[in-house]
Amino acid sequence: MIEIKNLDKYFGNDKVLNNISLKIDKGEIFAMVGHSGAGKSTLLRCINGLESYEIGTLKVFDKEVKNLSTTELKSFRKDVGMIFQHFSLMQRKNVFDNIALPMQVWGFSKDEIKVKVDELLKLIDLSHKSTAYPSELSGGQKQRVAIARALTLDPQILLSDEATSALDPNTTTSILDLLKKINKELGITIIIVTHEMDVVKAVAQKAILLEHGNIIGQGEIEDLFLQPDKKMKKFLGEKEVIPEDGENIKLYFPKEIAQYSIITHMARTLNIDFNIVWGKLEKINNHVIGSLVINITASDKESVTQYLDSKNVTWEIL
Ligand SMILES: Nc1ncnc2c1ncn2[C@@H]1O[C@H](COP(=O)(O)OP(=O)(O)O)[C@@H](O)[C@H]1O
Ligand SMILES: [Mg+2]
């Protein structure tokens with residue numbers, strides 16, 4: 001649905017995107033994550049044709065975006081909805097009229113607009129606020145209205161630029177749940193730009209990690225978090241403090257075996273002692289995965305690693 005190959009983007013002499021390649025399939029929730037200034041918004045704006053790019057190709061629906069004519073671009077944008085951090089609602093229009101706006105611009109009839117807006121109000125759970133003004137809404141409600149507005153023209157893709165960054169954690173969760181529902185029930189492909197790892201973990205299936213315009217990590221969410229490489233660890237700010245004596249082994253429990261019972265079983269079976277250095281459980285994409293660092297005496301290393309291999313547990317010596 002979206003395919004980018006070796007894309008470079010400059011602002012003047014500054015290269016802000018460097019050799020970007022990625023593929024996003026229909027129906028995915030795809031995250032672009034990185035610190036402020038990494039180039040996330042710029043990449044998103046290249047995808048919907050708001051920015052051009054100097055080198056490489058960027059195809060959406062099999063069409064090179066920078067080659068679209070003005071007329072083509074207009075209908076292309078109908079297929080690509082967008083939401084932002086600060087909602088950008090019209091303060092002087094009520095909820096119904098804010099949502100109706102894109103349809104009015106496209107000249108839909110009053111009846112068509114009413115049917116669609118009522119349907120969307122139901123989807124976002126705000127039918128009772130139809131005549132309220134933005135100033136009378138909470139941040140989460142404003143974002144819901146912005147989401148409904150982005151869906152009026154039945155887009156195939158929804159772009160979300162830091163849509164939850166101005167919201168508190170609970171409201172963020174409810175907005176992310178709404179995005180998941182939209183993805184599942186309407187089959188809309190969603191691209192989420194965020195600097196918050198928790199957002200990525202909660203909704204995305206795949207992600208790229210952007211740093212200074214470069215992709216420094218890319219893949220399925222579970223792989224990215226289950227076995228973070230050096231760059232990912234640095235990004236996550238993980239510091240591993242481990243004992244100096246013995247061997248420290250880090251175990252990864254994928255979704256199938258997310259219980260620590262395996263290590264108590266190991267201790268019993270091998271008749272060994274070990275210390276737990278640290279461990280954590282995380283919910284990623286509705287699956288619980290965990291990692292655990294244990295410290296064992298050096299002489300137990302071989303039997304422990306053999307046992308772990310026999311149980312298909314991924315491990316690494318730290
Ligand atoms: N219109 C612009 N003109 C010049 N430089 C820009 C413009 N927009 C963004 N930049 C620069 O491009 C880089 C990436 O910005 P941006 O895509 O907004 O990052 P992010 O969304 O990851 O915070 C930054 O260094 C920013 O200063
Ligand atoms: Mg940005």
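Is Ile317 buried, partly exposed or exposed in this predicted model, and at what relative accessibility? Ile317 counts as partly exposed, because its relative accessibility is 30% and partly exposed covers the range between under 20% for buried and over 50% for exposed. The legends below begin with the whole chain and return to Ile317 in the view of the C-terminal end.

**Figure 1. Overview of the predicted chain and its two assigned domains.** The chain holds 11 helices and 14 strands. Its C-alpha trace spans about 75 × 50 × 30 Å along the principal axes. Of the 318 residues, 47% count as buried. The accessible surface of the chain comes to about 15,900 Å², and carbon and sulfur atoms contribute 48% of that area. Among the contacts with a separation of 6 or more, 68% join residues that are 24 or more positions apart. The domain assignment places residues 2–232 in domain 1 and residues 241–317 in domain 2. Between the C-alpha centres of domain 1 and domain 2 the distance is 39 Å. In the contact between these domains, 12 residues come from domain 1 and 13 residues from domain 2.

**Figure 2. The shell of residues around ligand 1.** Ligand 1 is surrounded by Phe11, Val16, His35, Ser36, Gly37, Ala38, Gly39, Lys40, Ser41 and Thr42. By residue class, this shell divides into 3 nonpolar, 6 polar and 1 charged. Helix H1, residues 40–47, supplies the largest share of the shell, with 3 residues.

**Figure 3. Polar contacts of ligand 1 with Gly39, Lys40 and Ser41.** At Gly39, a backbone N or O atom lies 3.0 Å from an oxygen atom of ligand 1. The side chain of Lys40 places an N or O atom 2.8 Å from an oxygen atom of the ligand. For Ser41, an N or O atom of the side chain is likewise found 2.8 Å from an oxygen atom of ligand 1. Taken alone, ligand 1 exposes 560 Å², and the protein buries 54% of that area.

**Figure 4. Helix H1 and the residues that follow it.** Helix H1 is largely enclosed by the rest of the structure, because 6 of its 8 residues are buried. The buried residues are Lys40, Thr42, Leu43, Leu44, Cys46 and Ile47. Two of these, Lys40 and Thr42, also belong to the shell around ligand 1. Asn48 is placed in the loop between H1 and strand E4, residues 55–60. Asn48 counts as buried, because its relative accessibility is 5%. Leaving aside neighbours within four places in sequence, Asn48 is in contact with Val65, Phe76, Arg77, Val80, Met82 and Leu159. Gly49, just after H1, takes a positive phi of about 80°.

**Figure 5. Positive phi angles at Asp125 and Glu162, two residues other than glycine.** Asp125 has a phi near 65°. This residue is found in the loop between helix H4, residues 110–123, and helix H5, residues 139–151. With a relative accessibility of 58%, Asp125 counts as exposed. Glu162 has a phi near 55°. The position of Glu162 is in the loop between strand E7, residues 157–161, and helix H6, residues 169–186. Whereas Asp125 is exposed, Glu162 is buried, with a relative accessible area of 11%.

**Figure 6. The C-terminal end of the chain at Ile317 and Leu318.** Ile317 lies in strand E14, which covers residues 314–317. Not counting residues up to four places away in sequence, Ile317 touches Glu247, Asn248, Ile249 and Lys301. Ile317 and Phe253 are 64 residues apart in sequence, and their C-alpha atoms are 15 Å apart in space. Leu318 is found in the segment after E14. At 30% relative accessibility, Leu318 counts as partly exposed, and Ile317 at 30% is also placed in that class. From Leu318 to Asn214, the C-alpha to C-alpha distance is 28 Å, with their positions 104 residues apart in sequence.

Note on methods
Residues numbered from 1 in each chain as written. Chains lettered and ligands numbered in written order. Predicted model: local features only at pLDDT ≥ 70, side-chain atom pairs only at ≥ 80, totals over all residues. Heavy atoms only, no water. Near = heavy atom within 4 Å. Polar contact = N/O pair within 3.5 Å; in protein donor to acceptor, adjacent residues only side chain to side chain. Areas by Shrake-Rupley, 256 points an atom, 1.4 Å probe, with all protein chains shown as cover. Helix = DSSP H or I, 4+ residues; strand = E, 2+ residues; numbered from the N terminus. Nonpolar A, V, L, I, M, F, W, Y, C, P; charged D, E, K, R; others polar. Buried < 20%, exposed > 50% of the residue type's maximum accessible area, 1.4 Å probe, protein only. Contact = heavy atoms within 4.5 Å. Domains from an automatic or database assignment.
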